[in-house]
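Hi,

Here is the structure I promised to pass on. Have a look at it first, and my notes follow underneath.

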Amino acid sequence: MTSIEIAFVIAFSLCFGSFANVCIYRLPVDKSMFTPSECMHCNKPIPFYLNIPLFGFFILRGKSACCQKSLSLQYPIVEALAGVGALYLGLIYGVNIESVLLFFFYLSLVIIFFTDLNEYIIPNIITYSLSIAGLLISYFSYSVFNLSLLESLLGGIISGGVLWLTSKIFILIRKKEGMGMGDVKMISMIGFWMGLENTFLVLIASSLLGSIVGIGLILMKKMERSQYIPFGTFLSIGAVLVWLIKIYYLPSIFVL
Ligand SMILES: [Zn+2]
């Protein structure tokens, strides 16, 4: 990447990282996305010069300017994740429309990681719009996973269908809900973007990871056995992991 491209990627991704923070805090509580930013403690509006992504947090040393209460570390973490992800995509695929589109898929995974972790919510507006986007991208051949429209369709429908069926069987046997519809919609979304084979790997990776972390937390008495595991959080990690592993270790084995 040239230095101009790097500057563009950083500015672009930090702005959208900041937008991702707005999504994470407002989508689960149905708050308008388009009202100005306000302090999370005293609801005073935040002036634009303190609202600069990443830097604002450090200028303020992690405390709000209005009431001096500490700001959540989640803000700079989300912005940094957006920045690092975008730079990485730029390095791997170059600065082009494919990587910009993939960046929005990645950012949605980051958003769901936090909304599911904090509130057990996977916003429909994210899964629905990204599912449609995944299909369109395959149709117009902008998919870095090289999916045709049919592969994208099958990926979303079959993986979502299998998970939906599993959740219904679970309810029949255990008489309680094991998996929410949000998880089903999310796995479909991943299927539309990454195809059936990748999504199958994502499912295995996230279930393993979720079980290990869940069992670990129960053993450490940090979690009750009856507590839900935010599966969407692990699906997000799984999707990024599978994508990374395939880039480096499995270039040809799993090509659909
Ligand atoms: Zn305040």
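Which residue caps the N-terminal end of helix 4? That would be Asn96, which places a side-chain oxygen 3.2 Å from the backbone nitrogen of Glu98. Before you read on, keep in mind that this is a predicted model.

Helix 4 itself covers residues 97-119, 23 residues in total. From first C-alpha to last it reaches 33 Å, close to the 33 Å expected at 1.5 Å a residue. Right after helix 4 comes Tyr120, with a positive phi near 55°.

Now for the domains. The chain is divided into domain 1, residues 1-95, and domain 2, residues 121-256. Taken over C-alpha atoms, their centres are 26 Å apart.

As for how the two meet, six residues of domain 1 are in contact with nine of domain 2. About 640 Å² is buried between domain 1 and domain 2, and carbon and sulfur atoms give 78% of that area. On the domain 1 side, Leu27, Tyr88 and Tyr93 lose the most area to domain 2, together making up 67% of what that side buries.

What about charges and polar contacts? The rule finds zero salt bridges across the interface of domain 1 and domain 2, and one residue pair is in polar contact between them, counting pairs with both residues at pLDDT 80 or more. By class, the side of domain 1 that touches domain 2 has six nonpolar residues, with no polar and no charged ones.

Cheers

Key. Residues are numbered from 1 along each chain as its sequence is written. This is a predicted model: local features need pLDDT of at least 70, side-chain atom pairs count only at pLDDT 80 or more; totals for chains, interfaces and linings use all residues. Side-chain values use heavy atoms; hydrogens and water are left out. Helices (H or I, at least four residues) and strands (E, at least two) are DSSP runs, numbered from the N terminus. The expected span of a helix is 1.5 Å times one less than its number of residues. A polar contact is a pair of N or O atoms within 3.5 Å; within protein, one must be able to donate a hydrogen and the other to accept it, and residues adjacent in sequence count only if both atoms are side-chain atoms. Domain bounds come from an automatic or database domain assignment. Contact means heavy atoms within 4.5 Å. Buried area is the accessible area (1.4 Å probe) that two parts lose on being put together, summed over both. A salt bridge is a side-chain nitrogen of Lys or Arg within 4 Å of a carboxyl oxygen of Asp or Glu. Ala, Val, Leu, Ile, Met, Phe, Trp, Tyr, Cys and Pro count as nonpolar, Asp, Glu, Lys and Arg as charged, and the others, Gly among them, as polar.
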